[in-house]
Structures are given as structure tokens and as C-alpha cells.
Amino acid sequence: MEKNENRFIKMVLRKIKKVLILVKRIFYKDYFILFKGINKSDILIFDDIFPHPISGFRLEEFTIILNYFKYSKIVVEPTAYKIVNTSIEKHQEHIKEFETQNKSEGKIKLRKGFVNINTKLFYCIFLNNISQNLVWLEKYNIPFVFTLYPGGGFSLNEIISDNKLKKVLASHMFRKVIVTQKITHDYLLDKKLCNPENIEFIFGGVVPQISLNKDIRNKKSYLVNKSTFDICFCAAKYSSKGEDKGYDTFIEFTKIIAHKYDFINFHVVGGFNKNDIDVSEIKERIKFYGYQNFEALGEIYQNMDVLISPNKAFVLGKGAFDGFPLGTVVEAVLNGVVALVTDEFEQNTAFISNEDLIIIDSNSGSILSHVVSLIENPQKLYSISRKGKQKIMEVYSNKVQMDPRINLLKNEIAKIE
């Protein structure tokens, strides 16, 4: 009898403890409960970093969607802030800035407390984001569309990635997937992961349209209005020496060409600093800027002649790869910088090498030969700068990038109505 009483008391105490923990979490808003409320959105977006100003393509795409659809909102769980070395406290500041600039108060919801997920359609970008939301989308029978960018959990011929993809694309709530690279499109079909009619191929990606209208009349160019030749590298840091982005290759190249020309300066934007790889040999000629938002990045680029992007696939893990070209490359070219980029998988379907940009191999020798060619022939530098900007403006206009996305989302919402 006494044992039964003790068990009962312990059970009651455990339940009281659980209730107290829940009350504490509710009090401090350290919880979230998803529910289908009375108010129904046309579209609900989910993201893990919005509206951080460092992610210009998200700001452009999501802002257009939120403005186009009157009954829309975005739920944010800002876990990616730590990846870009930003204090989580900054998130509220970024929200206020966004709401003030876009007059969209109330459209950004935190994934905290009680979250109304009643919507006709769900949308997000990257495999990890759709995968983590799949359970409740299926539970509440909410149709979804997502963009499968490279990265964000998506890798080629990698078991965990493939399993996530299979589960997501086999879901009874899956409607469409947007892909931005030919290799992604072919991969889904070759692996029989998705029917062709459920794939929308839009090459490239979304770019802040303010970038397309950059005034580069004050652009600094080698032998035009400056005597130096300025070379830039720009990337986020995901490995100790940045091997995936080719940072190690870039530094190797800088040490070689620095001995050949004394008027060259080097610039590094992103997650790298002087301690990642020894740069003492060129310490007087290299500058580190850290992470920059896309507006500040534009100001930096207008002093650059060349951007080197020697990224490599399969470095971060089996099947890991980048899209072509990187967003940092697009921003550079729009600011009149000549881009030297790798294209291991021949994903380029829009640009002519040596006219719009320069395709390189990810080694210091290849970079060296192309850069020397530009230094020795400045007219080639100026020509690629002009043509590259014009081509990027065509490929990355909202007419080409956002109109198909909006039409796709609008059509899917119409089917539900």
C-alpha cells in the first residue's frame, strides 16, 4: 500500500514539474505551439534568417511575395544568425527596420508562443527548411511549394539529403519545386524523385533590383581613375580554411602574383580574417572587411577590378556543391567588376566566357594566367566589365526571376480556392 502511495506521489510530482516547466516556458516565451486559427493566409513563408540585411536575395524575394499577396506572412526562427556571426538580439532591430521601410507591420511572426499556421499555401527555400516543417504541413493538410537551392541540406548522391528529398517530394501535400540549376533539375529526374510537371526551372536566383540600377559612373578602374589593380574575394566561411569556397587557392594565388606586380592590392569580404591562413607575406597589401550587407558590399565592389570565385564541390561533404554563379559574383558584376569563376558541373546556361565573365579552374595557375591577361590588356578588362553587367541585368531582372515565381504561387493558391 505504501509503495503504491509513493508511486502515486512521484507521478503527481512529475506532472506538476512538467506543468511548471511549461508555465515557465510560456512566461519567458521559450516555446511555440502551432494551431489553425480563424484568420487564414493566402501564403505563409518560413525562414531562418529573414530579414537579415546580409541576405539580399531573401529580402528581395520575400518582400515581393509579401507585398503581392495581401493575406500573407512570414514565420521566422532566426537560427542562422549565429552562422553569420550576428547576435540574436539584432533580429528585433532588423524586423523594425524592415517594417518601417516596407510599411508591412505585422507580417513577420516569430516562431514563438502560439503561431497561427492556417494558410492556403506554404513556401520556403532550401531543403532543410521544408524538411523541418514537413510534419505539421502533413498533419494540418497544408499544400507547399519550395525552392531547392544548392546547399541548405541539399547535396548530390548523399544518403541523408536523398532521404529528405524523397520524403518531401513524396508528400501528399507537395505541389511544386523551383530549381535554379540545371544539375539540380537533371538530378531530380535521373533519380526519379519528382515528375517533370512538378519542377519549375528558373536559372540563377533572385537579386535585389536596386543592384540592377547601380550608378557606376564613379566606379574606380585600373588605369582609368586609379593606378592600382584591386582583386577581391568574397564568401561566407563554412570550413576552417575556406577550401569549399577556394579561399586557400585564392591566398596561394595572391602570394604568387604579389611578387610579379607591386601595384596589386587584395581584399577579402566575408567570414575570413588574417588568422585563417598565414598572410604575413602580403600583410601590407591585403585588407579584411568581415561580413557586409549587400549595400555596403556594393560600395566595396566599386573600387574593385576583379573578383575571384574559385569554389570547389564536395569539400564540405559528399555531394556538397554551390550554385553558378554565387550571389556575391552577381553583385560584383553589377558593380562593374570582372568575375573569374569556376563551373565544375557546366551549369552555365546564360553567359559567354571571356565576354560576360571568365570561367577558370580552381587552381592558382589558372587564376594567375587570366588575371595577368587582364592586367596586360586593360581593354579586355573594360569590355568584360560592360558586357557582364548588361548580361547580369537581363538574366536577374525581376521579370525573369520573380514573375514566374509569383505566377506559380498564384496558380497554386487558385487551385486550392
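This is a tour of two sheets, the helices packed on them, and some aromatic rings in a predicted model.

Residues are numbered from 1 along each chain as its sequence is written. Because the model is predicted, local features need pLDDT of at least 70 and side-chain atom pairs count only at pLDDT 80 or more, while totals for chains, interfaces and linings use all residues; side-chain values use heavy atoms, with hydrogens and water left out.

**Stop 1: the six-stranded sheet**

Helices (H or I, at least four residues) and strands (E, at least two) are DSSP runs, numbered from the N terminus. Two strands pair if DSSP finds at least two bridges between them. Strands of a sheet pair through backbone hydrogen bonds, either parallel or antiparallel.

Select strands 12, 11, 10, 13, 14 and 15, in that order: these six form an open sheet with parallel pairing. Strand 12 (286–290) and strand 15 (358–360) stand at the edges with a single partner strand each, so one side of each has no neighbour in the sheet. From one strand to the next, the twist averages 25°; for such angles, axes are lines fitted to C-alpha atoms, for helices over the stretch in contact, and angles run from 0 to 180 degrees between N-to-C directions.

**Stop 2: strand 10 and its partners**

Select strand 10 (residues 229–235) and strand 11 (residues 264–270), which pair in the parallel sense over seven bridges. Cys-234 stands opposite Val-269 in strand 11, and the bridge partner of Asp-230 in strand 11 is Asn-265.

How many residues of strand 10 are buried? Seven of its seven are, where buried means under 20% relative accessible area, exposed over 50%, and partly exposed in between (1.4 Å probe, protein chains only). Colour the two faces of strand 10 separately: Phe-229, Ile-231, Phe-233 and Ala-235 lie on one side, and Asp-230, Cys-232 and Cys-234 on the other.

Now add strand 13 (306–309). Strand 10 and strand 13 pair in the parallel sense over two bridges, and the bridge partner of Ile-231 in strand 13 is Val-306. Val-306 and Ile-308 point one way from strand 13, Leu-307 and Ser-309 point the other way, and all are buried. Four bridges pair strand 13 with strand 14 in the parallel sense; there, Ser-309 stands opposite Val-341 in strand 14.

**Stop 3: two helices on this sheet**

Contact means heavy atoms within 4.5 Å. Show helix 11 (residues 364–376), which packs on the sheet and touches strand 10, strand 11, strand 13, strand 14 (338–342) and strand 15. The direction of helix 11 makes about 155° with that of strand 15.

Next, show helix 8 and helix 11 together: they pack at an angle of about 45°, with their axes 9 Å apart. That makes helix 8 oblique to helix 11 (angles under 35 degrees count as roughly parallel, over 145 as roughly antiparallel, 65 to 115 as roughly perpendicular and the rest as oblique). Residues of helix 8 that make the contact include Phe-253, Ile-256 and Ile-257, and those of helix 11 include Leu-368, Val-371 and Val-372.

**Stop 4: aromatic rings**

A pair of aromatic rings is described by the distance of the centres and the angle of the planes. Rings of Phe, Tyr and Trp (its six-membered ring) pair if their centres lie within 6.5 Å; planes under 30 degrees apart count as stacked, over 60 as edge-to-face and the rest as tilted. By this rule the count comes to 23 aromatic pairs.

Select Phe-144 and Phe-146: their ring centres are 6.4 Å apart and their planes are at 45°, so the pair is tilted. Phe-144 is buried, with a relative accessible area of 0%, and Phe-146 is buried with a relative accessible area of 0%.

Then select Phe-250 and Phe-253, a tilted pair with 6.4 Å centre to centre and 45° between the planes. Phe-250 and Phe-253 are three residues apart in helix 8, a separation of about one helical turn. Both are buried.

Finally, select Phe-154, Tyr-187, Phe-314, Phe-321 and Phe-345, which form one aromatic cluster.

**Stop 5: the seven-stranded sheet**

Select strands 4, 3, 2, 6, 7, 8 and 9, in that order: these seven form an open sheet, and the pairing is parallel. Which strands are at the edges? Strand 4 (108–110) and strand 9 (199–201) are, each pairing on one side only. The twist averages 20° from one strand to the next.

Zoom in on strand 6 (residues 119–125) and strand 7 (residues 144–148), which run parallel and are joined by four bridges. The bridge partner of Ile-125 in strand 7 is Thr-147. Helix 5 (residues 159–169) packs on the sheet, touching strand 7 and strand 8 (174–179), and its direction makes about 150° with that of strand 7.
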